[in-house]
Amino acid sequence: MDSKTVLITGGTSGIGLATAVKFAGKGDNVVLLGRDADRGLRAVKTVMERIGGANCNYFPCDVRKIKDCKNAVEKATELYGSIDVLVNSAGVYFERAIEDMGEEDFALIMDINVKGTYFMTQQTVLAMKKQSSGVIVNVSSDAGIHGNMLCSAYCASKGAVNLFTKAMALELAPWNIRVNSVCPGDVMTPLTEKQLAQYPDREAALKEMSSVYPLGKIGTPEEIAGVIEFLCSDAAAFVNGAIWSVDGGITA
C-alpha cells in the first residue's frame, strides 16, 4: 500500500539503473525510460535478478521528443495509477574546445540535458498536480556548479538544469511537489569507462582522474543513487530547491 511509482529517464545504465535497483529494493514500482530497447530489456532483467519479485518495466522514450515524454507518462500512469517520483537521469557528456564545437554536437548536449529534463518534467507534472504530491530529482553535475576544462557546452547545460531545478521548486511547491538536483563528480558509469578507454593505460588514467578528489576516488552509481533515494524520502520532506553536491569534495 505504501509503494511508490518511480519514473527514471536514462534508467537503463549507470546512475539511473542503480537508482532503479534502490527503489525496487524498497518495493516501489519502477519504470525505466531509454532510447535503446535491447538495453532497456537487459536493464529490467538486471533489476529483476538483483531484486526478486521487483515491479519493473521499460518503455522506449527519447526525451528530446515531447511526444515520447507524454507517451511515457501516460503509459506509466495507466499501468500504476500515478507517478510519485521522477528522476531525470538521462544525459550526454563529451569534451570539446569551443572552437571545435559544431552545431550538431551542441544541439545534442542541449536537447538531452536541458530540453529532455524540461519537457519530461512538464509532462510528469501534469500527472503529479492531479494528486497534489510528488518528488522530482534532476541529475546534474559538479560541472553545473563550477567550470570544467573543455566542457563549456556541458557546463552550460548542467548550470541550466540547476537553475531550472530552483525555478520548478518555487513553481510547484503549492502542489506539494518537491524538486531538487544532485551534482555528482566523476562516477564509474559506462560513460566514464568510455572516456577511460581512450587512454592506452586505463588504470593510470583512472588514478589520475581520482587524484583531484579530496576523498581520493571517484564515485559509484550506488553512492549517487543513495542520495537520490534520500531526497525522495519522507526524511527529506523539507528539502526543496536544493543543489546537492555528491562529488567527494571537489567543489568544496
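The following exchange discusses cores, charged residues and cysteines in a predicted model.

Biologist: Which helix supplies the largest share of the largest nonpolar core?

Modeller: That core has 33 residues, and Val30, Leu32, Val47, Val182 and Ile228 touch the most other members. Several elements each supply at least two of its residues, including strand E1 (5-9), helix H2 (37-50) and helix H8 (221-231). The largest share, six residues, comes from H1.

Biologist: How many residues does the second, separate core hold?

Modeller: Cys69, Ala76, Met168 and Ile177 are included in this second core. Its residue count is 30.

Biologist: Leaving aside neighbours within four places in sequence, with which residues is leucine 32 in contact?

Modeller: Leucine 32 belongs to the largest nonpolar core and is one of the members that touch the most others. Once neighbours within four places in sequence are set aside, its contacts are Ile8, Gly11, Ala20, Ala43, Val44, Cys56, Asn57, Tyr58 and Phe59.

Biologist: Which backbone nitrogen does the side chain of aspartate 28 reach?

Modeller: Aspartate 28 lies in the loop between H1 and E2. This residue is buried yet has no salt bridge, and the nearest side chain of opposite charge, lysine 26, is 4.2 Å away, whereas a salt bridge requires the nitrogen and oxygen to be within 4 Å. Beyond four places in sequence, the contacts of aspartate 28 include Asp2, Val6, Phe23 and Asn55. At 2.8 Å, its side chain reaches the backbone nitrogen of lysine 4.

Biologist: How far from cysteine 155 is the nearest cysteine sulfur?

Modeller: Cysteine 155 is buried, with a relative accessible area of 14%. Cysteine 155 is in no disulfide, a bond for which the sulfur atoms must be within 2.5 Å. The nearest cysteine sulfur, that of cysteine 151, lies at a distance of 5.6 Å.

Biologist: Why is the sulfur of cysteine 232 not bonded to that of cysteine 183, and what is the distance?

Modeller: Cysteine 232 is buried, at 3% relative accessible area. The closest cysteine sulfur is in cysteine 183 and is too far for a bond, so no disulfide joins the two; the distance is 15 Å.

Biologist: What is the C-alpha to C-alpha distance between aspartate 186 and serine 210?

Modeller: Aspartate 186 is found in the loop between strand E6 (177-184) and helix H6 (190-196), and counts as partly exposed at 27% relative accessibility. Beyond four places in sequence, aspartate 186 is in contact with Met209, Tyr213, Ile218 and Gly219. Aspartate 186 and serine 210 are 24 residues apart in sequence, and their C-alpha distance is 8.4 Å.

Biologist: Is aspartate 62, the salt-bridge partner of arginine 64, buried or partly exposed?

Modeller: The side chains of these two residues meet at 2.9 Å, N to O. Arginine 64 counts as partly exposed, at 25% relative accessibility. At 9%, aspartate 62 counts as buried.

Biologist: About how many helical turns separate glutamate 74 and lysine 70?

Modeller: These residues form a salt bridge whose closest N and O atoms are 2.6 Å apart. Glutamate 74 is partly exposed at 40% relative accessible area. Because glutamate 74 and lysine 70 are four residues apart in helix H3 (residues 66-80), their separation is about one helical turn.

Biologist: Which residues are joined into one network by salt bridges that share partners?

Modeller: The structure holds seven salt bridges. In one of them, arginine 202 pairs with glutamate 203, with the closest N and O atoms 2.5 Å apart; arginine 202 is partly exposed at 29% relative accessible area. Shared partners give one network made up of Glu193, Arg202 and Glu203.

Conventions
Residues numbered from 1 in each chain as written. Predicted model: local features only at pLDDT ≥ 70, side-chain atom pairs only at ≥ 80, totals over all residues. Heavy atoms only, no water. Core = buried A, V, L, I, M, F, W, Y, C linked by side-chain atoms within 4.5 Å. Buried < 20%, exposed > 50% of the residue type's maximum accessible area, 1.4 Å probe, protein only. Contact = heavy atoms within 4.5 Å. Lys, Arg positive; Asp, Glu negative; His and termini not counted. Polar contact = N/O pair within 3.5 Å; in protein donor to acceptor, adjacent residues only side chain to side chain.
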